[in-house]
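Dear colleague,

Please find below the structure that I am handing over to you, together with its sequence. My notes on the findings follow it.

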Amino acid sequence: MHKCESPIEVLSSRVHGKGVFATRHMAAGETVIEYVGEIISMAEALARHPHDAREPNHTFYFQLADGRVIDALHGGNDSRWINHSCRPNCVPDESKGRIFIKTRRPVFRGEELSFDYDLVSDEPLSDALRARYACRCGSSKCRGTMLA
C-alpha cells in the first residue's frame with residue numbers, strides 16, 4: 001500500500017501570502033478538504049480578534065450556519081490558506097456543522113484554489129469598510145472587496 005498523495009499543496013500566492021494549489025486535476029463536485037479547527041462561540045471569536053495586530057482583518061475564522069465559528073488558527077489544516085476569489089473554483093459546503101471545500105468546476109493541476117468569502121459586517125457598508133476588505137483576486141468580475 002502507498003500513501004494517498006494529497007490533491008493540494010500550500011505555496012506562495014499572487015493573490016495574498018500563501019495559497020492552496022491543486023497537485024492533480026480534480027473533477028467538478030469533488031471534495032478537496034475539510035475546513036477544520038477549534039469550534040468556538042462568536043463571542044470567543046470576537047474576544048480573540050485579531051489573530052495578528054499587524055493584519056487585523058486577516059483571520060482563520062469560518063462562521064457556521066448556527067453562529068458558531070471554526071478558528072483554524074487552532075487545530076487547522078491547509079484549508080485555512082485557501083484565498084478568496086470573486087470567481088472561485090471551489091465552494092464551501094456545510095453538512096452537520098462541518099465545512100467541506102468542494103470544486104465547483106474542473107480544477108487543473110497547478111491552479112490555485114479559491115472560494116468566495118462572502119464576508120458580512122455589522123458596520124454600515126462604506127468605501128472605507130470595502131477598502132479594509134479589499135479583494136486582490138484579479139478576476140475580470142472582481143467586486144473589489146471580499147464583503148458579500
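Two strands are taken to pair if DSSP finds at least two bridges between them. The model is a predicted one, and the findings below should be read accordingly.

**Strand pairing**

By that criterion, S3 pairs with strand S9 (residues 98-103) in the antiparallel sense, over four bridges. In this pairing, Tyr-35 has Ile-99 of S9 as its bridge partner. The two strands belong to an open sheet of three strands, ordered S3-S9-S8 and paired in antiparallel fashion. Strand S3 (31-35) and strand S8 (90-95) are the edge strands, each pairing on one side only. On average, neighbouring strands of this sheet are turned by 30 degrees against each other, with direction ignored.

**Salt bridges**

The search of the whole structure returned 12 salt bridges. I describe some of them here.

Glu-44 and Arg-48 form a salt bridge in which the closest N and O atoms are 2.8 Å apart. Because the two residues lie four residues apart in helix H1 (residues 42-48), about one helical turn separates Glu-44 from Arg-48. Glu-44 is partly exposed, at 32% relative accessibility. Arg-48 is likewise partly exposed, its relative accessible area being 21%.

Which parts of the chain does the salt bridge between Arg-48 and Asp-71 tie together? In this salt bridge, the closest N and O atoms of Arg-48 and Asp-71 are 2.7 Å apart. Arg-48 is in helix H1 while Asp-71 is in strand S6 (residues 69-71), so the pair ties together parts that are 23 residues apart in sequence. Asp-71 has a relative accessible area of 0% and is therefore buried, the cut-off for that class being under 20%.

Arg-48 thus takes part in a salt bridge with Glu-44 and in another with Asp-71. These three residues belong to a network of salt bridges that links Glu-38, Glu-44, Arg-48 and Asp-71.

A further salt bridge is formed by Arg-68 and Asp-66, with 2.8 Å between the closest N and O atoms. Arg-68 counts as partly exposed at 35% relative accessibility, and Asp-66 falls in that class too, at 47%.

For viewing, I would suggest taking the network of Glu-38, Glu-44, Arg-48 and Asp-71 together with the sheet of order S3-S9-S8.

With kind regards

Conventions. Residues are numbered from 1 along each chain as its sequence is written. This is a predicted model: local features need pLDDT of at least 70, side-chain atom pairs count only at pLDDT 80 or more; totals for chains, interfaces and linings use all residues. Side-chain values use heavy atoms; hydrogens and water are left out. A salt bridge is a side-chain nitrogen of Lys or Arg within 4 Å of a carboxyl oxygen of Asp or Glu. Buried means under 20% relative accessible area, exposed over 50%, partly exposed in between (1.4 Å probe, protein chains only). Axes are lines fitted to C-alpha atoms, for helices over the stretch in contact, and angles run from 0 to 180 degrees between N-to-C directions.
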